[in-house]
Amino acid sequence: MVLVLVLVLVLVLVLVLVLVLVLVLVLVLVLVLVLVLVLVLVLVLMLVLVLVLAIEPASSEFNVTRNYLDWLTSIPWGQYSQERVEVPAAKQVLDEDHFGLEDVKDRILEFIAVGKLRGSTQGKILCLVGPPGVGKTSIGRSIARALNRKYYRFSVGGLSDVAEIKGHRRTYVGAMPGKMVQCLKTTGSSNPFVLIDEIDKLGRGYQGDPASALLELLDPEQNSGFLDHYLDLPVDLSKVLFMCTANLLDTIPGPLLDRMEVIRLSGYIFDEKVAIARTYLEPQARTDAGVPEGAVRVTDAAMAGLVEDYAREAGVRNLKKQLEKIYRKAALKLVQSGELPQQPPQQQQQEGEGEAIAAPAAAEGAGDSSLAPEPSSSSSGSSGSSDSDAGEQGSGANDKGSRAQQLAHSAEGAAATVLSEPLLVVDAGDLKEYVGQPPYPTDKIYAEGTPEGVVMGLAWTSLGGSTLYIEAASVEKGEGKGGLKATGQLGDVMKESATIAHTFARRFLEQLGAEGQSGAPDPAYFANHALHLHVPAGSTPKDGPSAGCAIITALLSLALNKPVLPDLAMTGEVTLTGKVLPIGGLKEKTLAARRSGVKHLVFPEGNRRDWEELTADVKAGLEPHFVDSYQQIYQLAFQEPPSPSSNQQQEAAAAAA
């Protein structure tokens, strides 16, 4: 029995050893297979490298492959900058860089507050719309600085090639990626702030439609897998914050406009322009001209005259140009008079060290003191609230600090000194010497009141609001010779408004005669008089339906031989039955009326809510009259104006209704 047990144990041990050997062999085989696979992969990679390295440097494929690999490796895949979503900090940045624009700032702060609650500022594409020079581009830069994002700007004005957005195919000679891939490489971040400028001026050519290509780029639901033709790889743009700027909305395609939220910038009133000039534009112009701080003083009267007579447009870009003219001429006078201050000791020491270093070269006769470099001034940033950028901005553009810090860093030479007493004073009487004759002496052609047949209207333009006069005159009198001729480069819509106004005025005058109104002329006046309607200036194209009520009033003023109420301007479209329809651009037209010194404004009743949204400083000194039929305009224009108390009662009754 013992032998049997021993034999069984021996057999069991032998079996166990055999199994262990089998497992060891299996493991060895697995390791061998893994090593073989690794060797195969290494060989394959070596073959690829050999093939790549085997490309001749003179071959066209060498540069194509090298550029492609360079673009692939230089894109910041998955690298994000730390975003700062703090409303107080953003408000401080916006207030430092911009004066006024409270409604725009509130909308931007709302946008940032929603981003703070959600944890991300994605999901909305903002579009700033307004006339040139009101600060659209600089607001974008301020938002980038407030959010601590890298800033990049590119303009699509006149762009007609889709490849600028989507990139070129690599098969083309000189192929490059699109603007967004270039943006990621330049900023070094996958979540920059991108400002697309002049989106209303997109072109369209045989290379495709860039507006359609922007649909994918600006859609938060699609741009997470944006495919660039050059890279041929999906790029995640869902973390990029986009903002667009435009002067008009009419030329932006509907599907593209539907993806954006519009914020309007109307322009600045007189007080805002003066404050912007004092706070932003004047220090910038002084620094750019190299004039020491305090050496030149522009009086308040001169600044007021500069704004009133030289820079009456909606923005402040022209105001900046005029201030630069003043400081350039002032710099010339300071240099010619020899009253420039001595350079700071620190700068003199630096120049002394530079001359000591250049002494060996001077031994050859080139070291004369006249060869020392003169101090120069360098411009920095944008001035005030104007959008004066001209090219792309790369990374770090939002890290330059506020405008005051930028001016302090850019001040060089004499501009770095501060004087306690001004060496030159520019008063209102000196403006003609410094900036020439005023291009806008007055908007009111009839300063002492309009004669019979003349009425002031209000117009909206891409540069803001403006006032225009509508003149009517009788050309020929005779039975059955009634008619209307319109001049002044009027568009088709305005010509139709003139025809409607002539028809309504003819019927309205007949009703006045039938009712026995005092002073009413022959009801057949329009039937027996050939009339000429003119809207100066003749070289400016004009179009739009909102001049209807002004044209009717001008025709009735001619027929009644009675001028309208002084300081009266009106706007509104009139139907054949006399209903006054709402108009657009009420804020721009109100600002134009303020610039022209108008007191009484006639608006359609449908625009009352737009008037109530205006700030108090815009409405100050103006007396609005809201009408829904032309009968109310007639009573206001040709009879005693309603008292302020009755006007307030009408507004209160309308508000209660």
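Helix 20 is followed by Gly597, whose phi is positive, near 75 degrees. The model is predicted, and the description below starts from this helix. Helix 20 spans residues 586–595, and seven of its ten residues are buried, so the helix is largely enclosed by the rest of the structure. The buried residues are Leu586, Glu588, Lys589, Thr590, Leu591, Ala592 and Ala593. Charged residues thus appear in this list beside nonpolar ones, since Glu588 and Lys589 both fall under the 20% relative accessible area that defines buried.

Positive phi values also occur at two residues that are not glycine. Most residues other than glycine have a negative phi. Asn148 departs from this pattern with a phi near 60 degrees. Asn148 sits in the loop that connects helix 5 (136–147) with strand 2 (151–155), and its relative accessible area of 33% makes this residue partly exposed. Asp567 is the other case, with a positive phi of about 55 degrees. The loop holding Asp567 runs between helix 19 (548–560) and strand 14 (568–570). At 34% relative accessibility, Asp567 is also classed as partly exposed.

Strand 6, residues 241–246, is mostly covered, with six of its six residues buried. Which residues point to each side of the strand? Leu241, Met243 and Thr245 point one way, while Phe242, Cys244 and Ala246 point the other way, and all of them are buried. Two parallel pairings involve this strand. Strand 1 (residues 126–129) runs parallel to strand 6 and is joined to it by four bridges. In that pairing, Val129 stands opposite Ala246. Strand 3 (residues 193–197) likewise pairs with strand 6 in the parallel sense, over four bridges. Here Ile196 has Cys244 as its bridge partner. Ala246 and Cys244 belong to the set of strand 6 residues that point the same way.

The remaining features concern charge. Side chains of opposite charge can pair when their charged atoms come close. Over the whole structure, a search finds 17 salt bridges. One of them joins Glu86 to Lys116, with the closest N and O atoms 3.4 Å apart. Glu86 lies in the loop between helix 2 (60–74) and helix 3 (87–97), whereas Lys116 is in helix 4, so the pair ties together parts that are 30 residues apart in sequence. Both ends are partly exposed: Glu86 has a relative accessible area of 37%, and Lys116 has a relative accessibility of 45%.

Another salt bridge links Lys201 with Glu198, where the closest N and O atoms are 2.8 Å apart. Lys201 is partly exposed at 36% relative accessibility, and Glu198 is partly exposed at 24%. Arg608 and Glu605 also form a salt bridge, their closest N and O atoms being 2.7 Å apart. In this pair Arg608 counts as buried, at 11% relative accessibility, but Glu605 is partly exposed, with a relative accessible area of 28%. Lys91, Asp95 and Lys105 are joined into one network by salt bridges that share partners.

Helix 4 (residues 102–118) appears again in the last feature, as the place of Glu110. Together with Glu102, Asp103 and Asp106, Glu110 forms a negative surface patch. Glu110 is partly exposed, at 45% relative accessibility.

Methods: Residues are numbered from 1 along each chain as its sequence is written. This is a predicted model: local features need pLDDT of at least 70, side-chain atom pairs count only at pLDDT 80 or more; totals for chains, interfaces and linings use all residues. Side-chain values use heavy atoms; hydrogens and water are left out. Buried means under 20% relative accessible area, exposed over 50%, partly exposed in between (1.4 Å probe, protein chains only). Two strands pair if DSSP finds at least two bridges between them. Patches are made of residues with over 30% relative accessible area and no salt bridge: like charges are joined within 9 Å, nonpolar side chains (Val, Leu, Ile, Met, Phe, Trp, Tyr) within 5 Å. Accessible areas come from the Shrake-Rupley method with a 1.4 Å probe; for residues, only the protein chains shown count as cover. A salt bridge is a side-chain nitrogen of Lys or Arg within 4 Å of a carboxyl oxygen of Asp or Glu. Lys and Arg count as positive and Asp and Glu as negative; His and the chain ends are not counted. The place of a charge is taken as NZ of Lys, CZ of Arg, CG of Asp or CD of Glu.
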